[in-house]
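User: I would like to learn how to read the features of a protein model step by step, with the general idea first and the particular case afterwards. Could we work through one together?

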Amino acid sequence: ILCKGITPAYLRLGTSGKGNIHSENIKMEFGKIIEICSGPDGTILFSGSVGHEAKLAREILRERGLDVAIASMPFISDIDKGYLESASKKGPLVVVEEHSYRGGLGGSVLETLAELRIQAKVGLVASSQVNLSQIGSQDYLRIVNGISAKTRSEEHTSELQSRFGIS
């Protein structure tokens, strides 16, 4: 897809060694959002290897009675507007990314929702601007930036619970 495109592109290869996020081979289409598992109570959107954290957050929510969808967004621009529209109708959207709050996937999702004039509950889980100069392993940087559902599950659970309206 990247080689055939006429627009600038960026490919990031994960180094976490945590295995595949998708359970089967997927057919990628430019701009399309790939739903990994469905759920009627809302959607967690992610881009890249942070999908492992999104899947873990989904399991934490399931233990608390919420069944949310998990969807991979391999493309930050030209977002699948149909998917976003239907996902926003079923419940809150939580965007998880290994990028700062500014100019990343979350911003792109918010811009697309605004363009479509869709009002939705949206939460962003991303790196703060404070720790952008930190150096370390991917796991360490996820912890420092509050993106690791495993090591800070209570904080994430509280965030997700508030976004999904449960106590």
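User: Which residue follows helix 3, and what is the sign of its phi?

Analyst: Keep in mind throughout that this is a predicted model. A backbone feature is best read by taking the residue, its torsion and its surroundings in turn. Here helix 3 is followed by R117, whose phi is positive, near 60 degrees, and R117 has this value although it is not a glycine. R117 lies in the loop between helix 3 and strand 5 (122-127), and R117 counts as exposed because its relative accessibility is 75%, where the cut-off for exposed is over 50%.

User: Which residues of helix 3 are buried?

Analyst: For burial, one goes through the element residue by residue. In helix 3, which covers residues 105-115, the buried residues are L105, G106, G107, S108, V109, T112 and L113.

User: How should I read helix 2, and which of its residues are buried?

Analyst: With a helix, one lists the buried positions and then asks how they are placed around the axis. In helix 2 (residues 81-90), Y83, L84, A87 and S88 are buried. They lie on the same side of helix 2 because the arc they cover around the axis is only 125 degrees. The N-terminal end of helix 2 is capped by D80, with a side-chain oxygen 3.4 Å from the backbone nitrogen of G82.

User: What surrounds S88, and is S88 buried or exposed?

Analyst: For a single residue, one can combine its accessibility, its polar partners and its contacts. S88, which is found in helix 2, has a relative accessible area of 14% and is therefore buried, the limit being under 20%. A polar atom of the S88 side chain lies 2.9 Å from the backbone oxygen of E85. When neighbours within four places in sequence are left aside, S88 is in contact with L93, I118 and A120.

User: How many bridges join strand 1 to strand 3, and do the two run parallel or antiparallel?

Analyst: Strand pairing is read from the bridges and from the relative direction of the strands. Strand 1 (residues 34-40) and strand 3 are joined by four bridges and run antiparallel, with I34 standing opposite S72 of strand 3. Strand 2 (residues 43-46) is also joined to strand 3 by four bridges, but this pair runs parallel, and the bridge partner of L45 in strand 3 is A71.

User: What unit do strand 2, helix 1 and strand 3 make?

Analyst: Once the pairing is known, one can follow the chain from one strand to the next. Strand 2, helix 1 (residues 51-63) and strand 3 form a β-α-β unit, and this unit is right-handed.

User: Which residues cover the two faces of strands 2 and 3?

Analyst: For a strand, the two sides are taken separately. Strand 3 (residues 68-72) is mostly covered, with five of its five residues buried: V68, I70 and S72 are on one side, while A69 and A71 are on the other. Strand 2 is likewise covered on both faces, with T43 and L45 buried on one side and I44 and F46 buried on the other.

User: How do V96 and I26 compare in accessibility, each against the cut-offs?

Analyst: Here one places each value in its class and then looks at a distance to another part of the chain. V96, found in strand 4 (residues 93-100), has a relative accessibility of 8% and so counts as buried. The C-alpha atoms of V96 and E53 are separated by 8.4 Å, although the two residues are 43 residues apart along the chain. I26, in the segment before strand 1, is partly exposed, as its relative accessible area is 35%. The C-alpha atoms of I26 and I36, 10 residues apart along the chain, are separated by 9.9 Å.

User: What pattern does the protein follow along the sequence, and what share of its residues is buried?

Analyst: The totals are best read last, as a frame for the local details. The protein has five helices and five strands, and along the sequence they follow the pattern β-β-α-β-α-β-α-β-α-α. Of the 167 residues, 41% are buried. Among contacts with a separation of 6 or more, 76% involve residues 24 or more positions apart. The protein exposes about 9600 Å², and carbon and sulfur atoms supply 50% of that area.

Definitions and conventions:
Residues numbered from 1 in each chain as written. Predicted model: local features only at pLDDT ≥ 70, side-chain atom pairs only at ≥ 80, totals over all residues. Heavy atoms only, no water. Buried < 20%, exposed > 50% of the residue type's maximum accessible area, 1.4 Å probe, protein only. Contact = heavy atoms within 4.5 Å. Areas by Shrake-Rupley, 256 points an atom, 1.4 Å probe, with all protein chains shown as cover. Arc of directions from axis to C-beta. Polar contact = N/O pair within 3.5 Å; in protein donor to acceptor, adjacent residues only side chain to side chain. Pairing = 2+ DSSP bridges. Right-handed = clockwise from strand over helix to strand, strands pointing away.
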